[in-house]
Amino acid sequence: MGDSVYRVTEVIGTSSNSWEDAARNAVKTAAGTLRDLRIAEIEKLDVKIEDGRITQFRARLALSFKYEG
């Protein structure tokens, strides 16, 4: 196995249900255009609030994928 190079990119997933669903949505969507995803690191969790109620969960992820050589 030779040396490898990886890129890290940041994505934000959203969900009206949970942070877990928000993270899943981010990975699922990114996997549609990025190949060979390796690691997803959650960097930040936050929520959107409207009229005193949580209306959206947001998860910011750092995704790493392997460069093809």
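Here a biologist asks about a predicted model and a modeller answers.

Biologist: Let us begin with the helix. How many residues has helix 1, and what does it reach from its first C-alpha to its last?

Modeller: Helix 1 runs over residues 19–31. That makes 13 residues. At 1.5 Å a residue, 18 Å is expected, and the reach from first C-alpha to last is close to that, at 18 Å.

Biologist: Which residues of helix 1 are buried?

Modeller: Buried means under 20% relative accessible area. In helix 1, the residues that count as buried are Ala22, Ala23, Ala26 and Ala30.

Biologist: Why are the buried residues put on the same side of helix 1?

Modeller: Take the buried residues Ala22, Ala23, Ala26 and Ala30. Look at their spread around the axis of helix 1. They lie on the same side because they cover an arc of only 100°.

Biologist: What covers the buried residues of helix 1?

Modeller: The residues to be covered are Ala22, Ala23, Ala26 and Ala30. Their cover includes strand 1 (6–15), strand 2 (37–50) and strand 3 (53–66).

Biologist: Which exposed residues sit on the face of helix 1 turned away from its buried side?

Modeller: Exposed means over 50% relative accessible area. On the face turned away from the buried side, helix 1 carries exposed Glu20, Arg24 and Lys28.

Biologist: Which residues make the nonpolar surface patch?

Modeller: One member belongs to helix 1: tryptophan 19. With a relative accessible area of 34%, tryptophan 19 is partly exposed. The patch has an area of about 270 Å², and its makers are Trp19, Ile42 and Leu45.

Biologist: Now the charges. How many salt bridges does the structure hold?

Modeller: Side chains of opposite charge can pair when their charged atoms come close. One such pair is aspartate 36 with arginine 38. Another joins glutamate 50 and lysine 48. The number of salt bridges in the structure is 4.

Biologist: Arginine 58 and aspartate 46 form a salt bridge; how far apart are the closest N and O atoms?

Modeller: A salt bridge needs a side-chain nitrogen within 4 Å of a carboxyl oxygen. Arginine 58 and aspartate 46 meet this, with their closest N and O atoms apart by 2.8 Å.

Biologist: Which strands does that pair link?

Modeller: The two residues are 12 apart and belong to distant parts of the chain. Arginine 58 is in strand 3, and aspartate 46 is in strand 2.

Biologist: Is aspartate 46 buried or exposed?

Modeller: Its partner arginine 58 is partly exposed, at 34% relative accessibility. Aspartate 46 has a relative accessible area of 19%. The cut-off for buried is under 20%, so aspartate 46 is buried.

Biologist: What is the N to O distance between glutamate 50 and lysine 48?

Modeller: Glutamate 50 is partly exposed at 39% relative accessibility. Lysine 48 is also partly exposed, at 38%. Their side chains meet in a salt bridge, N to O, at 3.3 Å.

Biologist: Where is aspartate 36 found?

Modeller: Aspartate 36 is not a glycine, yet it has a positive phi of about 60°. Its relative accessible area is 38%, so aspartate 36 is partly exposed. Aspartate 36 also forms a salt bridge with arginine 38, at 3.0 Å between the closest N and O atoms. Its place is the loop between helix 1 and strand 2.

Biologist: Is aspartate 51 buried or exposed?

Modeller: Aspartate 51 lies in the loop between strand 2 and strand 3. Its phi is positive, about 55°, although it is not a glycine. Its relative accessibility is 82%, so aspartate 51 counts as exposed.

Methods
Residues numbered from 1 in each chain as written. Predicted model: local features only at pLDDT ≥ 70, side-chain atom pairs only at ≥ 80, totals over all residues. Heavy atoms only, no water. Patch = residues over 30% accessible without salt bridge, like charges linked within 9 Å, V, L, I, M, F, W, Y side chains within 5 Å. Areas by Shrake-Rupley, 256 points an atom, 1.4 Å probe, with all protein chains shown as cover. Helix = DSSP H or I, 4+ residues; strand = E, 2+ residues; numbered from the N terminus. Buried < 20%, exposed > 50% of the residue type's maximum accessible area, 1.4 Å probe, protein only. Expected span 1.5 Å × (residues − 1). Arc of directions from axis to C-beta. Contact = heavy atoms within 4.5 Å.
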